[in-house]
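Please open the model in your viewer and keep a selection panel at hand, since this tour moves from one selection to the next.

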Amino acid sequence: MHNFYTIKWESDAVTFIDQRLLPLEETYVRCTDYKQVAEAIETMVVRGAPAIGVSAAYGIALGVQSLRFYELDRMRRDFKEICDIMRRTRPTAVNLFWAINKMEKEFENLISSTGNVEHIVEGMIKAAQKIYDDDIEINKTIGNYGRDVIKDGMNVLTHCNAGALATAGYGTALGVIRAAIEQNKKIHVYVDETRPFLQGARLTMWELMKDKIECTLLSDNMSGSLMSRGKIDVVIVGADRIAANGDAANKIGTYSVAVLAKYHNIPMYFAAPLSTIDRNCPNGSGIPIEERSLDEVKIINGKQICPKEAKAINPSFDVTPNSLITGIITEKGIVYPPFGKGIKSLF
Ligand code: MRU
């Protein structure tokens, strides 16, 4: 439906829509070197858990391509360095590490099955392309499983951006909304602005409006009031890392929404691919939370909004305990409590 792309492989480059500039400018950033891809992830040109996984995979493919004139030993050494640089970009979304591990495995497989450098390069590009293609398919499947939680006429609340911009395409939470709309349901979406980076106001509103999906923006302190007045029927968000017991890390503010939803008896779903589930993390306390620059909190549009020396905090994610989650929508179906057991059965 929409006429933009989040990530594109171009045989000698990876191109991203610059999400820092949306919605005011639709500009694309072209990365011809894996280090530029790493920088694009780090500086949030591209963001959203599945999208940064796909980007890292393409970045690695780009890096391997630049090693095609080297001997196998040198290639191996440099490959490790490329993966290490990708790993250091952002800490919370586990999809990043999932994609890098997948590319590493593929590299080892290619080395043992063919010693030919050209074949290795080709195989790595194919592997990244597959991660991209699969992501879109997976999101559509998540949408098909999740669409029934949204009934005709419902008001849905979402937080941050878990849409086409946060994935290879279609989206996870917004994918569920898109799938429900494809069933001709009339749906209205309330969008949390999502301070401090404003993914809701800048990105979710932009992509929903592009698709002519009915939506209304609210600032982050308004959802409780809306809930108390019966204006929200269901909450659907994405996730950056889900622990083995179902505790889910997502954009800062998600936890507050979950507490409010519980108090008002409103169901709250997390929509995410299996690549977001970290089975090595028994519960949410083990999920690393990214701390970002305090300027994001203290400065808005270049303007300081507090005393210069003011203390501030900026944790970029929070963890919603499984007790506040109604269901986790995946490409293998919806998991309900007890989440530990349900998540285990997915794998
Ligand atoms: O810091 P961001 O913008 O990368 O955070 C993104 C989120 O928290 C999303 O909700 C999450 O990655 C799910 S995206 C399908």
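The stops below begin at the ligand and then turn to some backbone features of this predicted model.

Begin by selecting the ligand, which sits in the largest cavity, and then add the 19 residues around the ligand, of which Arg47, Arg90, Asp240, Asn250 and Lys251 come nearest. If you colour this shell by residue class, you will find 8 nonpolar, 7 polar and 4 charged residues. Colouring by domain instead shows that domain 1 (7-141) and domain 2 (148-346) each supply at least three residues to the shell.

Next, display distances from the oxygen atoms of the ligand. A polar side-chain atom of Arg47 lies 2.8 Å from a ligand oxygen atom, while a polar backbone atom of Gly48 is 2.9 Å from a ligand oxygen atom. For Lys251, an N or O atom in the side chain is 2.7 Å from an oxygen atom of the ligand. The ligand taken alone exposes 420 Å², of which the protein buries 99%. Helix H2 (49-65) and strand E9 (248-251) are the elements that give two or more residues to the shell.

Now leave the ligand and select Leu22 and Pro23, which are joined by a cis peptide bond with omega about 5°; Pro23 belongs to the loop between strand E2 (14-17) and strand E3 (28-31). A further cis peptide bond runs from Arg195 to Pro196, with omega near 5°, and Pro196 lies in the loop between strand E5 (188-192) and helix H7 (199-210).

Finish at Tyr170, a residue other than glycine whose phi is positive, near 75°, in the loop between strand E4 (155-158) and helix H6 (173-182).

Terms used
Residues are numbered from 1 along each chain as its sequence is written. This is a predicted model: local features need pLDDT of at least 70, side-chain atom pairs count only at pLDDT 80 or more; totals for chains, interfaces and linings use all residues. Side-chain values use heavy atoms; hydrogens and water are left out. A residue is near a molecule or strand if one of its heavy atoms lies within 4 Å of it. A polar contact is a pair of N or O atoms within 3.5 Å; within protein, one must be able to donate a hydrogen and the other to accept it, and residues adjacent in sequence count only if both atoms are side-chain atoms. Accessible areas come from the Shrake-Rupley method with a 1.4 Å probe; for residues, only the protein chains shown count as cover. On a 1 Å grid over the protein atoms alone, a cavity is a set of points where a 1.4 Å probe fits but cannot get out, and a pocket is an open set with protein on both sides within 12 Å along at least five of seven lines; lining residues have an atom within 4 Å of a point. A molecule sits in a cavity or pocket if more than half of its atoms lie within 2 Å of its grid points. Helices (H or I, at least four residues) and strands (E, at least two) are DSSP runs, numbered from the N terminus. Ala, Val, Leu, Ile, Met, Phe, Trp, Tyr, Cys and Pro count as nonpolar, Asp, Glu, Lys and Arg as charged, and the others, Gly among them, as polar. Domain bounds come from an automatic or database domain assignment.
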